[in-house]
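Reader: I have not seen this structure before, and I would like to be taken through it step by step. Could we go over it in questions and answers?

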Amino acid sequence: TVLVKYPNNKSKPRVIGSIKNYILAPNNPEKAIEKMASKNTKVISLTITEGGYNINDSNGEFDISNPDIQWDLKHREQPKTVFGYLAAAFSKRMADGLQGCTVLSCDNIQTNGDVTRKVLLTFTKKYDSELASWIEENVTFPNSMVDRITPVTTSEDIEELKKDFQVEDNWPVVCESFKQWIIEDDFINDRPQWEKVGVQFVNNVEPYEKMKLRLLNAGHSLLGIVGSLFGHVTIDEAIRDPILEKMLREFFDEEVTPILGRIEGIDIGEYKESLIERFGNSSIKDKLTRICSESSAKLPKFLLPTIIEQINQDGPIEKGTAIIAAWFRYLELDGTTELGHTYQIKDDMYDQLQMKINESCGEDPALFLQIDEVFGDIGKSDRFVKQYLSVVNNLRNLGALQTIKNLVNI
């Protein structure tokens, strides 16, 4: 069941009727491979999370040494990873003389289709070089972007569905009413007419992806990190704070919008207003803990590129830099604000971050910027470092509330 939550506190459930069959692949790999290899299968979509692409964070390359990948190379009838399943299915299609199909990644990864193509070909070149050549000729990998805020399902959501709608579902999917799905029209073997239900097919998904990452995702980080320092718990609480709303709007208008350019079919002004409304949906109650989790992985993708582009063209960086400084303070306070509000830090790099925070606790918070896998070369910008140190100093001496009030002239 999809439980859609509207800004007016109304909920509307819908039991998904398009799911006609279900194969639990680990229990029946042969049946799953057979289904994927069927001539009637035209699109294989992937929703496997970022970790499912088996990319080594240190170099951005496919990790061929992964034990599950090694297993798939040796046990082709009983694969453990998506690559083993795809390779087995395409191998069967090739042997049967069938046409290829489209692999459609739906995961929140930039240029997700290009990434999928790269990692699958890396795997299949080790698996079967002839198959790799066949895939290059017979399979397409369109990039796509999906945008819908979907918080973690709670026990209250399950109870609401049962009590108010008499639907028993042990794991409904809760989401906002807004939805956007943009796909490059690069399908090799027919495709569903998804445009009839609102999908936007385009030649290049990157401008739309950039818009979403730089506005929605970076906006989430702004509200999450600074909102946590203010003592807020959920996104809707944070955006209802007039200081945070003003900071967000100024960040959007002054620092992000000028570098987005024109995006076909999108009114940027309307999109930004829709984001403010979506963030304020009190029915969603998206926790700031979730928003701030894994910020070490999110900020280099969602926020730093905007700051870097503005540095390169001598544009404004005050609000973006303040988010980085606030993250430093968020980590430095380690779960308790100056006013005694508590928050939970979830980050795979927590130990490494705290080690750098401890080094920075003295006179030089700029040491924090030396975490290369997070910040890259941005710490070499004197202008950025000066702005960052100024905000860190104010956060330490004036507190978060007064610092941000001064920043947005309230």
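The exchange below turns to the core, then to some helices and single residues.

Reader: How many residues does the largest nonpolar core have, and which helix gives the largest share of this core?

Author: The model is a predicted one, and its largest nonpolar core has 76 residues. Those with the most contacts inside this core are Phe279, Ile324, Trp327, Phe368 and Phe375. A share of twelve residues, the largest from any element, comes from residues 206-230, which form helix α7.

Reader: Which residues does the second, separate core include?

Author: Apart from the largest core there is a separate one, made up of 34 residues. Among its members are Tyr85, Val119, Tyr127 and Phe141.

Reader: Is leucine 223 buried or exposed, and what is its relative accessible area?

Author: Leucine 223 has its place in helix α7. Leaving aside neighbours within four places in sequence, leucine 223 is in contact with Ser228, Ile235, Ala238, Ile239, Leu244, Leu248, Phe279 and Leu288. Since buried means under 20% relative accessible area, leucine 223 counts as buried, with a value of 0%.

Reader: What distance separates the C-alpha atoms of leucine 223 and phenylalanine 328?

Author: Along the chain, leucine 223 and phenylalanine 328 are 105 residues apart. In the model, the separation of their C-alpha atoms is 15 Å.

Reader: What should the twelve residues of helix α10 span, and how far apart are its end C-alpha atoms?

Author: Helix α10 covers residues 268-279, and at 1.5 Å a residue the expected span is 16 Å. The expected span is 1.5 Å times one less than the number of residues. The model agrees with this, because the end C-alpha atoms of α10 lie apart by 16 Å.

Reader: Which elements do the buried residues of α10 pack against?

Author: The buried residues of α10 are Ile268, Tyr271, Lys272, Ser274, Leu275, Ile276, Arg278 and Phe279. One of them, phenylalanine 279, is in contact with residues including Leu216, Gly219, His220 and Leu223, when neighbours within four places in sequence are left aside. Taken together, the buried residues of α10 pack against β5, β6, β7, α7, α8 and α9.

Reader: Why are α14 and α15 described as roughly perpendicular, and which residues make the contact?

Author: The axes of helix α14 (residues 318-333) and helix α15 (residues 350-360) come within 10 Å and cross at roughly 95°. Angles of 65 to 115 degrees count as roughly perpendicular, and α14 and α15 are therefore described in this way. By class, their contact has five nonpolar, two polar and one charged residues. On the α14 side these are Trp327, Phe328, Leu331 and Glu332, and on the α15 side Leu353, Gln354, Ile357 and Ser360.

Reader: How are α17 and α18 placed relative to each other?

Author: Helix α17 (residues 382-398) packs with α18 at an angle of about 135°, and their axes are 7 Å apart. In this contact, Val391, Asn394, Leu395 and Leu398 of α17 meet Ala400, Gln402, Thr403 and Asn406 of α18, which divides into four nonpolar, four polar and no charged residues. Angles over 145 degrees would count as roughly antiparallel, and α17 and α18 are therefore oblique.

Reader: Is asparagine 409 buried or exposed?

Author: Asparagine 409 sits in the segment after α18, and its phi is positive, near 60°, although the residue is other than glycine. Exposed means over 50% relative accessible area, so asparagine 409, at 69%, counts as exposed.

Technical notes
Residues are numbered from 1 along each chain as its sequence is written. This is a predicted model: local features need pLDDT of at least 70, side-chain atom pairs count only at pLDDT 80 or more; totals for chains, interfaces and linings use all residues. Side-chain values use heavy atoms; hydrogens and water are left out. A nonpolar core is a set of buried Ala, Val, Leu, Ile, Met, Phe, Trp, Tyr and Cys residues joined through side-chain atoms within 4.5 Å. Buried means under 20% relative accessible area, exposed over 50%, partly exposed in between (1.4 Å probe, protein chains only). Helices (H or I, at least four residues) and strands (E, at least two) are DSSP runs, numbered from the N terminus. Contact means heavy atoms within 4.5 Å. Axes are lines fitted to C-alpha atoms, for helices over the stretch in contact, and angles run from 0 to 180 degrees between N-to-C directions. Angles under 35 degrees count as roughly parallel, over 145 as roughly antiparallel, 65 to 115 as roughly perpendicular and the rest as oblique. Ala, Val, Leu, Ile, Met, Phe, Trp, Tyr, Cys and Pro count as nonpolar, Asp, Glu, Lys and Arg as charged, and the others, Gly among them, as polar.
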